[in-house]
Amino acid sequence: MQYWNIRSPKGQPGQDNNPGMTSVYDEVEIEDMEWDADARAFFFPCPCGDRFCISLDELRDGEELARCPSCSLMVRVVYDPESLPVQ
Ligand SMILES: [Zn+2]
């Protein structure tokens, strides 16, 4: 029996309940994010120059990870479900 290339994820904080390749960069209060009423989504600057994005629908579904479309980073959005925009 052979074991190929076993890589253990190390040095990645915030991996409590997200097994796999999840890479959570930081936690962000939703108040610190930028609301775009046209896109119906929240944005937050990513260190790569793009922006993390999470839509209102995703938040309503219980999603809490905002993803950057240009790199593999994510941020965990800290929010109160009862204070989401009504629209
Ligand atoms: Zn990025």
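Mentor: Welcome! A nonpolar core is a set of buried Ala, Val, Leu, Ile, Met, Phe, Trp, Tyr and Cys residues joined through C-beta atoms within 7 Å. Keep in mind that we are looking at a predicted model.

Trainee: Thanks! Which residues touch the most other members of the largest nonpolar core?

Mentor: They are Phe42, Phe44, Phe52, Ile54, Ala66 and Val75, out of 13 residues in that core. The elements that each give two or more residues to this core are E3, E4 and strand E6, which spans 74–78.

Trainee: What does the protein have in the way of helices and strands?

Mentor: There is 1 helix, along with 6 strands. Along the sequence they come in the order β-β-β-β-α-β-β.

Trainee: Let's take one residue of E6. Why is Val77 called buried or exposed?

Mentor: Val77 sits in strand E6, and 21 C-beta neighbours lie inside 10 Å of it. The cut-off for buried is 20 or more, so Val77 counts as buried.

Trainee: Which residues is Val77 in contact with, leaving aside its neighbours within four places in sequence?

Mentor: Val77 is in contact with Val28, Ile30, Ile54, Glu64 and Ala66. Val28 is a nice case: it is 49 residues from Val77 in sequence, yet their C-alpha atoms are 5.1 Å apart in space.

Trainee: And which residues does Phe44 touch, not counting those up to four places away in sequence?

Mentor: Phe44 touches Val28, Met33, Glu34, Arg51, Phe52, Ala66 and Val75.

Trainee: How do you know that strands E2 and E3 pair?

Mentor: Pairing asks for at least two bridges, and E2 (residues 34–36) and E3 (residues 41–45) have 3 bridges, so they qualify. Their sense is antiparallel. As an example, Glu34 has Phe43 in E3 as its bridge partner.

Trainee: How many bridges join E3 to E4?

Mentor: E3 and strand E4 (residues 51–55) are joined by 5 bridges and run antiparallel. Across from Phe42 stands Ile54 in E4, and Ala41 stands opposite Ser55 in E4.

Trainee: How do the side chains along E4 point?

Mentor: They alternate. Phe52 and Ile54 point to one face and are buried, whereas Arg51, Cys53 and Ser55 point to the other and are not.

Trainee: What makes Arg40 worth a second look?

Mentor: Most residues other than glycine have a negative phi. Arg40 is not a glycine, yet its phi is positive, at about 50°. Arg40 belongs to the hairpin of E2 and E3, which has 4 residues between the strands. In the hairpin of E3 and E4, with 5 residues between the strands, Gly49 has a positive phi near 110°.

Trainee: Why does Arg40 count as buried or exposed?

Mentor: Arg40, in the loop between E2 and E3, has 12 C-beta neighbours inside 10 Å. Exposed means 12 or fewer, so Arg40 meets the cut-off and counts as exposed.

Trainee: Where does Asp61 lie, and why is it called buried or exposed?

Mentor: Asp61 is in the loop between helix H1 (56–60) and strand E5 (65–67). It has 9 other C-beta atoms within 10 Å; the limit for exposed is 12 or fewer, so Asp61 is exposed. Asp61 and Pro81 are 20 residues apart in sequence, with 9.9 Å between their C-alpha atoms.

Trainee: How much of the protein is buried?

Mentor: Of its 87 residues, 15% are buried.

Key. Residues are numbered from 1 along each chain as its sequence is written. This is a predicted model: local features need pLDDT of at least 70, side-chain atom pairs count only at pLDDT 80 or more; totals for chains, interfaces and linings use all residues. Two residues are in contact if their C-beta atoms, placed from the backbone, lie within 7 Å.
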